[in-house]
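Please walk through this protein from one residue outward to its cores, its surface and its side-chain pairs. The sequence and the structure come next.

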Amino acid sequence: MNAQSIEQLQQLGIELGANGLPYRFPLHPNFVHLTLGLFIIAIAFDFAGSFFPLERSILKFFSMPVSRSNFFDVAWYNTVAAAVISFFTVAVGFFEILLADPPTDMKSAWGLGAGTTMLLHGVGGVLLLTAIVAMTIWRGYQRFLWCKTNPRQVQWSYLLVGIFILGYMFVHGTLGAQLGAEFGVHNTAAHLIRQGKNPNQVLQQS
């Protein structure tokens, strides 16, 4: 745990809770899932728009009045939203890393220590932010310039890179899950147990 950061918070009159944070629930996981959801939806709808000629008969059978551009519109706005949210995701993540107190005598299921896992997750988050922003810029060029008059608004190479990023998100997300589930970083119950306290008693009093 970063003692200097904690001291600065205390000087501002901010106390840390049972999870080691100045607020009741960690914010980073919530922003992470929002980022993941937005980007996954974006890639999925771009695929749906790209394969629209094959889907048209199915949509017509279910009487769904959907045009091909609708799929690409949803994909575009979700991509932009994912890029914007990612900045908050990374910023909150680094703030919570500064206040983390991981155990030093444990290994994850991948055989990594808490410090290594935290480092990989932090660096990986910056790389993921960069990738999402780059994809958004690439997507914008396709939408407004390169494929403006093309019924298929995205290139196949863009979709392939999108699949790769989804795979990277899985690995990166697993590292984050290991920090919370296996190392107990900002996990209220795990934090209290390491302090020798009974979570049931402490949480009932709060």
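In which helix does Q142 lie? Q142 lies in helix α5. The model is a predicted one, and the description below should be read with that in mind. Q142 has a relative accessible area of 0%, and since buried means under 20%, Q142 counts as buried. Setting aside neighbours within four places in sequence, Q142 is in contact with C147, K148, Q153, V154, Q155 and Y158.

The overall layout can now be set around that residue. The protein has eight helices and zero strands, so from the N terminus on the elements run α-α-α-α-α-α-α-α. Of its 206 residues, 36% count as buried. Among contacts with a separation of 6 or more, 72% are accounted for by residues 24 or more positions apart. The accessible surface comes to about 11,800 Å², and carbon and sulfur atoms hold 67% of that surface.

Next comes the interior. The largest nonpolar core has 15 residues, and those with the most contacts inside it are F39, I132, M135, Y158, I165 and M169. Two or more residues of this core are given by each of α2 (28–50), α4, α5 and α6 (156–181). M169 can serve as an entry point: not counting residues up to four places away in sequence, M169 touches L36, F39, L128 and I132. Apart from this core lies another, of six residues, among them A100, A114, M118 and L179.

A100 is worth following within that second core. A100 is found in the loop between α4 (68–98) and α5 (114–146). Is A100 buried or exposed? With a relative accessible area of 5%, A100 is buried, because the cut-off for buried is under 20%. A100 and L179 are 79 residues apart in sequence, yet their C-alpha atoms are 9.8 Å apart in space.

The aromatic residues come next. The count of aromatic pairs is eight. One of them joins W138 and Y158, whose ring centres are 5.3 Å apart and whose planes meet at 85°, so the pair is edge-to-face. W138 lies in helix α5 and Y158 in helix α6, so the pair ties together parts that are 20 residues apart in sequence. How do the two partners compare in exposure, buried or partly exposed? W138 is partly exposed, with a relative accessible area of 22%. Y158, at 0% relative accessibility, counts as buried. Y158 also appears in the contact list of Q142 and among the residues with the most contacts inside the largest nonpolar core. Elsewhere, ring pairs link F47, F51 and W156 into a cluster.

Charged side chains give another set of links. How many salt bridges are counted? The count comes to two. In one, the side chains of D46 and R139 meet at 2.9 Å, N to O. This pair links distant parts of the chain, with D46 in helix α2 and R139 in helix α5, 93 residues apart. Both D46 and R139 are buried. In the other bridge, the side chains of R143 and D73 meet, also at 2.9 Å, N to O. R143 lies in helix α5 and D73 in helix α4, so the pair ties together parts that are 70 residues apart in sequence. R143 counts as buried at 14% relative accessibility, whereas D73 is partly exposed, with a relative accessible area of 25%.

The last stop is the surface. I137, Y141, F144, L145 and W146 form a nonpolar patch there, with about 560 Å² of accessible area together. L145 has its place in helix α5. Why does L145 count as exposed? Its relative accessibility is 56%, and exposed means over 50%, so L145 counts as exposed.

Helix α5 therefore recurs through this account, because Q142 lies in it, R139 and R143 form salt bridges from it, W138 pairs from it with a ring in α6, and L145 of the nonpolar patch is placed in it. The helix also gives two or more residues to the largest nonpolar core.

Note on methods: Residues numbered from 1 in each chain as written. Predicted model: local features only at pLDDT ≥ 70, side-chain atom pairs only at ≥ 80, totals over all residues. Heavy atoms only, no water. Helix = DSSP H or I, 4+ residues; strand = E, 2+ residues; numbered from the N terminus. Buried < 20%, exposed > 50% of the residue type's maximum accessible area, 1.4 Å probe, protein only. Contact = heavy atoms within 4.5 Å. Areas by Shrake-Rupley, 256 points an atom, 1.4 Å probe, with all protein chains shown as cover. Core = buried A, V, L, I, M, F, W, Y, C linked by side-chain atoms within 4.5 Å. Patch = residues over 30% accessible without salt bridge, like charges linked within 9 Å, V, L, I, M, F, W, Y side chains within 5 Å. Salt bridge = Lys/Arg side-chain N within 4 Å of Asp/Glu carboxyl O. Phe/Tyr/Trp six-rings, centres within 6.5 Å; stacked < 30°, edge-to-face > 60°.
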